[in-house]
Amino acid sequence: MHTHNIYADSVTYSELIKCCISRGAIREAKIVHNHVFSNGYRPMTFLINVFVSMYVKFNLLDDAQKLFDQMPERNVVSWTTMIAAFTNVRDYDKAIGFLILMLRDGVRPNSYTFSSVLRACCKLSELRQIHCGIVKYGLESDVFVRSALVDIYSKWGDLVNAERVFSEMPTGDLVVWNSIIGAFAQNNEGDEALSLFKKMKRCGFSADQATLTSTLRACTGLALLELGQQIHVHVLKFNQDLTLNNALMDMYCKCGNLEDAQRAFSRMLNKDVISWSTMIMGLAQNGFSQKALEMFEAMKKAGIRPNYVTILGVLFACSHAGLVDKGLYYFNSMQKLFGIEPGREHYGCVIDLLGRAGKLDEAIKMIHDMKSEPDAVTWRALLGSCRVHQNIDHAVYAAKQILALDPDDAGTYILLSNLYAKSQMWEDVAKVRKIMRDKGVMKEPGCSWIEVNKKVHAFVLGDNSNPQLDEVIRELNKLILRLKQVGYVPDTNFVLHDLEGEQMEDSLLYHSEKLAIMFGMMYSVKGKAIRIRKNLRICGDCHVFTKLLSKIEDCYIVIRDPIRYHHFRDGICSCEDFW
DNA sequence: TTAGGGTTAG
C-alpha cells in the first residue's frame, strides 16, 4: 500500500484521524501516527500537519511541537497551527517567537496566521507592528483578521483604532459586529455599544449569544433595567447558554433587582464559578450580606471551587455588614482553605473592613504588612474609613499617599476638604481649594440617571439644560417643605466650601439624585420602584432625605452609586446607614 | 487538504 498513491493514502489517513479526534480516541490516533511513520514511508507535509493539529486538539502540545520540529519542510499551515496553539494556552511569547521564525524561514503568513497571532500581542506597539504586517500582506479586509484586530485594540483600551478597523472597511459579518459592540461594552461605553447594536439590526443581522451578552453588559453598566428586560426576552431563545445567563443575572443584580437575578440564577441548570460569584457579589453590593454568605456556603456544598473573585465578594459582604471576625477569618485562611494567595484587592477589602469598624490603626498596619505595594485604591479604602470616623490625622496621611500616587485625583481633594469643613477647619479647607485651583483639578459634577419609559433622563448639578428641570425643582421644593414638616433638616456638613446659610443649603437641596428621584415620582408608574444610578457616592443628606421620603410617600427607591446599592423602603435603607 | 475571529463575575 505504501508504494501506491501517496495522495490517496494521505486523504485516507487524515479521514481516519478526523474520526479519532471526534471520538476523543487518543490511543487509536497514536497507533495511526506510528503506523504512518513506520516502514520508511515519507508522509506529505499536509498529512504531518494533520497529526500536529491532532496533538494540539488533544492538548498534547509537547507532542505536537516534537513532530513539528521533525518536519522536513513546513508550510504556512504548519506554522499557523503551532502559533494558534501557543496563543490558546496563553504562551504569547512563544506565539510571537514562532511568527518571527516563520518569517525568517521565508514562509508568507496569511489571514489564518494573523487572526491567531493578534491575541498574543503584549503591548500596543507590538500590535501596531503586526497591524502593519497585515496591511503589507493585503489582509486587512479579511473578516477574521478584522474581528481579531477590533478585539485586541479594545483589549488594549484603544477604541479609536478599534472603531477605525471596524468602520473603514465595508465588509463585515456578525462576528465583526460582535467585536465592536463588545469593545465598547467592555470599555464602559455602553451608550455607544447600544447604538451599534441598533445599527447592526438595521443592517439585517440578528443577534446571537455573543451579541446579547455584550448588549446586556452595556445595560449593566448603564443600569438600564427596562432595556435589559427587553433583551431578556431574546435570551430565552438561547435557553441554557452559560455565559449569556451569567450576564443576564449580573444585569439584574447591577440594576438592583435581586428577585429577578435570583430567579434567573435558579433557572440555570449549569452554574459555574462565575454564576455563583456574580450572585454573591450582587447580594453583597445590594446590602444583603447575610444572604451573600449563605450563597457562598451553598456554592461550596455544590462542589464549586471558589476563586480570587469569589473571595472578594465574600470579603465585601463581611466588610459591609461589619462582620470583622468572619472577614478576617476568611482572609487569613483563604490560602489554606482555597489555595488562593491574597492579592492587592483582598487587602483592600480587609482594610475597608477594619476601617469601617473603626479599627484604623489595624487597617494602617495591614497596609504596611501587604506583600504587594499599596496603590491609590488601597489608600482610598483607608481614606473612606477616616471619613466615616472623622479621623482627620489619618485622613491627611492617607490623602497624601493617594496624591503622591495620583496627583490629580479630584475625589481625594474633595474628601479632604469635606473633612476639614466638617471639623470647621476653614483655613485648611481654603488651602485644599487653592491647590485644586492652582493645579486645575476639576470636581466631577454630580450626575444621576433615571430610566423612565425606556428613555434615560440625566440630571447634573448646576446644569440647567434639562427642559423639565424647572417643573422638577418646583415639585421638589414642595416635597422638601413636606419633609421639613416631619423633621427633615438639611445636613449642611455635606456641602463643601465657603458658602453660608441659605445658599449653602441650596446647593445641597438640588443634588442630582434628589432631582432624579423627584422626576421618577412625577413620571414613572405609581408603585413601581424608582431606580437611580449616579456617578458619585451618595451624600449623607441625600441618604437621610431618601429614607424619610420612602416612608412619607410609601415608595421604594433604589440608588446605585459607584461602589454599592441602597434600597430605601419604609424609612430604612438596606445599607443600614453604613456605607 | 491540514490552521483562524467575537460573549460572563472584581
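When I speak of a contact in this talk, I mean heavy atoms within 4.5 Å of each other. With that in hand, and bearing in mind that what you see above is a predicted model, we can begin with chain A as a whole: among its contacts between residues at least 6 apart in sequence, 62% join residues at least 24 apart. The chain holds 30 helices and six strands, and its C-alpha trace spans about 100 × 55 × 50 Å along the principal axes. Of the 579 residues in chain A, 50% are buried, while the accessible surface comes to about 28,400 Å², with 53% of that area belonging to carbon and sulfur atoms.

Let me turn to charge. Chain A carries 68 positive and 66 negative side chains, and the centres of these two sets lie 4 Å apart. Side chains of opposite charge can pair when their charged atoms come close, and in this structure there are 22 salt bridges.

I would like to go through some of them. In the pair of Arg 344 and Asp 375, the closest N and O atoms are 3.6 Å apart. This salt bridge links distant parts of the chain, since Arg 344 belongs to helix 21 (residues 344-356) and Asp 375 to the loop between helix 22 (360-369) and helix 23 (376-388), with 31 residues separating them. Both partners count as partly exposed, Arg 344 at a relative accessible area of 34% and Asp 375 at 25%.

Next comes the salt bridge between Arg 380 and Asp 409, where the closest N and O atoms are 3.1 Å apart. Here too distant parts of the chain are linked: Arg 380 sits in helix 23, whereas Asp 409 sits in the loop between helix 24 (392-405) and helix 25 (410-422), 29 residues away. Is Asp 409 buried or exposed? Its relative accessibility is 13%, and because buried means under 20%, Asp 409 counts as buried, while Arg 380, at 31%, is partly exposed.

By way of contrast in sequence position, Arg 27 forms a salt bridge with Glu 28, with 3.9 Å between the closest N and O atoms; Arg 27 is exposed at 61%, and Glu 28 is partly exposed at 36%. There is also a network of salt bridges, in which Arg 119, Asp 151 and Lys 155 are linked.

Now to the charged patches on the surface. A positive one gathers Lys 198, Lys 199, Lys 201 and Arg 202; of these, Lys 199 is placed in helix 12 (residues 190-202) and is partly exposed, with a relative accessible area of 41%. A negative one is formed by Glu 140, Glu 163, Glu 168, Glu 189, Asp 191 and Glu 192, and within it Glu 168 occupies the loop between helix 10 (159-167) and helix 11 (174-186), where it counts as exposed at 57% relative accessibility.

Finally, a word on backbone geometry. Which value does phi of Arg 90 take? It is near 60 degrees, a positive value in a residue other than glycine; Arg 90 lies in the loop between helix 5 (76-88) and helix 6 (92-104) and is exposed at 66%. Lys 454 has a positive phi as well, near 65 degrees, and its place is the loop between strand 1 (447-452) and strand 2 (455-460), with an exposed side at 54% relative accessibility.

Key. Residues numbered from 1 in each chain as written. Chains lettered and ligands numbered in written order. Predicted model: local features only at pLDDT ≥ 70, side-chain atom pairs only at ≥ 80, totals over all residues. Heavy atoms only, no water. Patch = residues over 30% accessible without salt bridge, like charges linked within 9 Å, V, L, I, M, F, W, Y side chains within 5 Å. Areas by Shrake-Rupley, 256 points an atom, 1.4 Å probe, with all protein chains shown as cover. Salt bridge = Lys/Arg side-chain N within 4 Å of Asp/Glu carboxyl O. Lys, Arg positive; Asp, Glu negative; His and termini not counted. Charge placed at Lys NZ, Arg CZ, Asp CG, Glu CD. Helix = DSSP H or I, 4+ residues; strand = E, 2+ residues; numbered from the N terminus. Buried < 20%, exposed > 50% of the residue type's maximum accessible area, 1.4 Å probe, protein only.
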